[in-house]
Amino acid sequence: LSISAGSCTADTTINIGVHPVPLATFTATSPVCTGVNSNIVYTGGSPASATYTWNFAAGIIASGSGQGPYVVNWSSPGTPNVSLTVSDSGCTSLPVTVPVTVNPYPVLTITPATNICIGSSATLTAGGATTYTWAADPSLSATNTASVIATPASIDTYTVTGSSLGCSATASVTVTVLPLPTSAFTAASPVCTGQN
């Protein structure tokens, strides 16, 4: 500012510091399964001394503070929105929200648990998932289909892993092999007609 009065002039200078608005950008591992950690990493470039306000939408923080990075998991399936606001030098960012897809583990079923006679077979059918992998067993007809035929020589337990949306679970079923009953009998012979 310059002020003049007649032939006299006075000058005053005030410096104004202009700070950039911080960025609240970050990445989050997605999708994840329930209980499996998502890695959340700040990418906005502000210093660690800035103020970071995170909202993990009821997520469980396994590790992390301040700027991060954070390791967070969720106990229920859904799409929680993780949000962040950053404040630095009196300037505050717009909030940034990133959805994280949390998928459930499949609930597997195998039918039936059954008894068979020695030399017979049982058809075992898995359900509740999209893809299936049976543990290798020479008495199984296949290992990568929902339904398999089991022909065990003795009692055997079969395990299948089912996967859906990147999440896997296992289930087992036991097939019991029963011995064939004996059918031996005796009959009085010879007899005359009319005799017992």
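This report describes two sheets, one disulfide and one buried serine in a predicted model.

Residues are numbered from 1 along each chain as its sequence is written, and side-chain values use heavy atoms, with hydrogens and water left out. Since the model is predicted, local features need pLDDT of at least 70 and side-chain atom pairs count only at pLDDT 80 or more, while totals for chains, interfaces and linings use all residues.

**The antiparallel sheet**

Strands here are DSSP runs of E with at least two residues, numbered from the N terminus. Two strands pair if DSSP finds at least two bridges between them. One open sheet has 4 strands in the order S3-S5-S8-S7, and its pairing is antiparallel. At the edges are strand S3 (26-28) and strand S7 (60-63), each of which pairs on one side only. Neighbouring strands of this sheet are turned by 25° against each other on average, direction ignored; the axes are lines fitted to C-alpha atoms, and angles run from 0 to 180 degrees between N-to-C directions.

Strand S5 (residues 38-42) pairs with strand S8 (residues 70-73), and S5 also pairs with S3. The side chains along S5 alternate: Ser38, Ile40 and Tyr42 point to one face and are buried, whereas Asn39 and Val41 point to the other face and are not buried. Buried means under 20% relative accessible area, exposed means over 50%, and partly exposed lies in between (1.4 Å probe, protein chains only).

**The mixed sheet**

A second open sheet, also of 4 strands, has the order S14-S19-S18-S16 and mixed pairing. Its edge strands are strand S14 (114-117) and strand S16 (131-134), each pairing on one side only. On average, neighbouring strands of this sheet are turned by 30° against each other, direction ignored. S14 runs parallel to strand S19 (residues 167-178).

The table lists strand pairs from both sheets, each with one pair of facing residues.

| Strand pair | Sense | Bridges | Facing residues |
|---|---|---|---|
| S3 and S5 | antiparallel | 3 bridges | threonine 27 and valine 41 |
| S5 and S8 | antiparallel | 3 bridges | serine 38 and valine 72 |
| S14 and S19 | parallel | 4 bridges | asparagine 115 and threonine 176 |

**The disulfide**

The structure holds 1 disulfide, a term for a pair of cysteine sulfur atoms within 2.5 Å. It joins cysteine 33 to cysteine 167, with an S to S distance of 2.0 Å. Cysteine 33 lies in strand S4 (residues 32-33) and cysteine 167 in strand S19, so the pair ties together parts that are 134 residues apart in sequence. The torsion about their S-S bond is about -110°, so the disulfide is left-handed. Both cysteine 33 and cysteine 167 are buried. Cysteine 117, in contrast, is partly exposed, with a relative accessible area of 34%.

**Serine 164**

Serine 164 lies in strand S18 (residues 156-164). With a relative accessibility of 14%, serine 164 counts as buried. Its side chain reaches the backbone nitrogen of threonine 130 at 2.9 Å; a polar contact is a pair of N or O atoms within 3.5 Å, where within protein one must be able to donate a hydrogen and the other to accept it, and residues adjacent in sequence count only if both atoms are side-chain atoms. Leaving aside residues up to four places away in sequence, serine 164 touches Pro106, Gly128, Ala129 and Thr130, where contact means heavy atoms within 4.5 Å.
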